[in-house]
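Student: I'd like to take a close look at one part of this model, and then see how it fits among other parts. Could you walk me through it?

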Amino acid sequence: MRFSGLRVLREGLTGNKGWAPHWRDAEPKAEYDAIIIGGGGHGLSTAYYLAKEHGLTNIAVLEKGYLGGGNVGRNTTIVRANYFLQGNSEFYSHSLKLWEGLEEDLNYNVMHSQRGLINLFHSDGQRDAFARRGNSMINQGDDAVLLDRDGVRKHLPYLDFDNVRFPIYGGLLHPRGGTARHDAVAWGYARGASDRGVDLIQQCEVTGIDIENGQVRGVQTTRGAIKAKKVGIVVAGRSGQVAAMAGMRLPIESHVLQAFVTEGLKPCIDHVVSFGMGHFYISQSDKGGLVFGGDLDFYASYASRGNLPMAEHVMEAGMTLMPMIGKAKVLRSWGGIMDMTPDGSPIIDKTDTKGLFIDCGWCYGGFKAVPGSGFSFAHLMATGNHHASASKFRLDRFRTGVDLMDEEGTGSQHNLH
Ligand SMILES: Cc1cc2nc3c(=O)[nH]c(=O)nc-3n(C[C@H](O)[C@H](O)[C@H](O)COP(=O)(O)OP(=O)(O)OC[C@H]3O[C@@H](n4cnc5c(N)ncnc54)[C@H](O)[C@@H]3O)c2cc1C
């Protein structure tokens, strides 16, 4: 079924009776060429690119809940390519290029909106750091514009520029940054994968990984054993637990990250605004809600809900930056489980078990990575070689200390990244 404006019109005029389900609800087979554990953004995009780019279609995605019920449907939807360090920089640049062709590729409206992202700075030192980051982004082939105070005022007149603690000195504008509709991304990839023959199996929790003589043989699930020649672990906040089924201890801690949304308002914020000093960022959804968040809750947890101290901190930061926000009513808040690595950068690699691969460690930035991660993880699973854009995301950097990508310079404490 192809989507088009004409189709919407025709369905609208004929009682919307012609829409088909987006994907087949498949039953597990006894054996697959490859199994992807985890039906989040990264798992679904991996399956899609395995089928599309590598012609592998005897694949299953096993999801313990429902597709898109994890972080891919819980994030604040920001898409950007403004990383500084080599390794990250080329990966996110590649991912953003995939985003820019995604709707046509999937024939699905993921509502990708390149409305521009502005990172604010509040001191001379911070200005230097952002100028350096902007130069690195331009060298990578992405876009960046350093704005002075008046430049920011033109875009964001509603900010408090003279706050005593955080006066606004300027900002780094990344015009191609923006947002996308998070669950549409999961649904679009699910539909694309299913159309190419991938089995998407929901309510199917992986409870064990079968390994014989150092080679993966398949998985144990709540719906029985399934054999596979290759298995990819793509379970975000549950990475430590699932990797433990294969005897691995990952350099990952799982932490809660919260987000908040207000009642729907008329359009008032038409960029993504990031206030790093106060740990606050915000954008406005197409439904009108102000979507915002801040930092981790600062304790390791597998609960997808947060606590009040961080909620209070985020609200205070919002009020500091844009006092007008105090008039909006918060509608709801939620949390997700973040797979935090010690250097804040991800892992896409083989493991010591033959045929077993892992894609994890996305911290709180893995939504924008969904296309790039799926593309490069599929490349690794299909060919055995790292894709050039993700060649630095090696697991052994945490053992050797070589090629760590500590984007924020905060050292090896998981919750600080
Ligand atoms: C509040 C919040 C805000 C965020 N904001 C942004 C943002 O603005 N921009 C950005 O780039 N990133 C953001 N992120 C991060 C981003 O959402 C994640 O990094 C990314 O979604 C993780 O990858 P995923 O989509 O594959 O994860 P998930 O959607 O969590 O997928 C993993 C799946 O694995 C399944 N699973 C786990 N264990 C098993 C098992 N044993 N068997 C079978 N299935 C299993 C889970 O049920 C889950 O569906 C945010 C996250 C949160 C929580």
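Where is N213 found?

Tutor: Happy to. Keep in mind throughout that this is a predicted model. N213 is found in the loop that runs between strand 9 (206–212) and strand 10 (215–221). With a relative accessible area of 79%, which is over the 50% cut-off, N213 counts as exposed. Its backbone is worth a look too: N213 has a positive phi of about 50° although it is not a glycine. As background, most residues other than glycine have a negative phi.

A second residue makes a good companion here. T77 is not a glycine either, and its phi is positive as well, about 70°. T77 sits in the loop between strand 2 (59–62) and strand 3, but its surroundings are another matter: at 14% relative accessibility T77 counts as buried, whereas N213 is exposed. A glycine can be added to the list: G55, just after helix 2, takes a positive phi of about 65°.

T77 also leads to the ligand. A polar backbone atom of T77 is 3.4 Å from an oxygen atom of the ligand. The side chain of N75 has an N or O atom that is likewise 3.4 Å from a ligand oxygen, and a polar backbone atom of F367 is 2.9 Å from an oxygen of the ligand. Taken alone, the ligand exposes 1000 Å², and the protein buries 96% of that. The shell holds 38 residues, and the closest are E63, N71, V72, T76 and K368. Helix 2 (41–54), strand 12 and strand 16 (330–340) each supply at least two residues of that shell. The largest share, 3 residues, comes from strand 12.

Since helix 2 has now come up, let's look along it. Its 14 residues should span 20 Å at 1.5 Å a residue, and its end C-alpha atoms are 19 Å apart, which agrees. Helix 2 is mostly covered, with 11 of its 14 residues buried. The buried residues run from its start: G41, H42, G43, L44, S45, T46, A47, Y48, Y49, L50 and A51.

Helix 9 (residues 308–321) also has 14 residues, and reaches 20 Å from its first C-alpha to its last, close to the 20 Å expected. Its buried residues are M310, A311, V314, A317, G318 and L321. Seen down the axis of helix 9, these fall within an arc of 130°, so they line one face of the helix. The spacing in the list fits a general rule: an α-helix has 3.6 residues a turn, so residues three or four places apart point the same way. On the other side of helix 9, L308, P309 and E312 are exposed. The cover over its buried residues includes strand 4 (117–121), strand 12 (253–264), strand 13 (272–275), strand 14 (280–284) and strand 15 (289–300). Strand 12 is therefore part of this cover as well as of the ligand shell.

One residue shows the link between strand 15 and helix 9 in detail. F298 is found in strand 15 and is partly exposed, at 36% relative accessibility. Leaving aside its neighbours within four places in sequence, F298 is in contact with H255, M310, N415 and L416. M310 is one of the buried residues of helix 9. F298 and M310 are 12 residues apart in sequence, and their C-alpha atoms are 8.8 Å apart in space.

Let me finish with another loop residue, to set beside N213. N82 lies in the loop between strand 3 (78–79) and helix 3 (88–100). N82 is buried, with a relative accessible area of 5%, while N213 is exposed at 79%. The side chain of N82 makes a polar contact of 2.7 Å with the side chain of R80. A polar contact of 3.4 Å joins the side chains of N82 and N119. Not counting residues up to four places away in sequence, N82 touches L117, N119, R133, M137 and H174.

Key: Residues numbered from 1 in each chain as written. Predicted model: local features only at pLDDT ≥ 70, side-chain atom pairs only at ≥ 80, totals over all residues. Heavy atoms only, no water. Helix = DSSP H or I, 4+ residues; strand = E, 2+ residues; numbered from the N terminus. Expected span 1.5 Å × (residues − 1). Buried < 20%, exposed > 50% of the residue type's maximum accessible area, 1.4 Å probe, protein only. Arc of directions from axis to C-beta. Contact = heavy atoms within 4.5 Å. Near = heavy atom within 4 Å. Polar contact = N/O pair within 3.5 Å; in protein donor to acceptor, adjacent residues only side chain to side chain. Areas by Shrake-Rupley, 256 points an atom, 1.4 Å probe, with all protein chains shown as cover.
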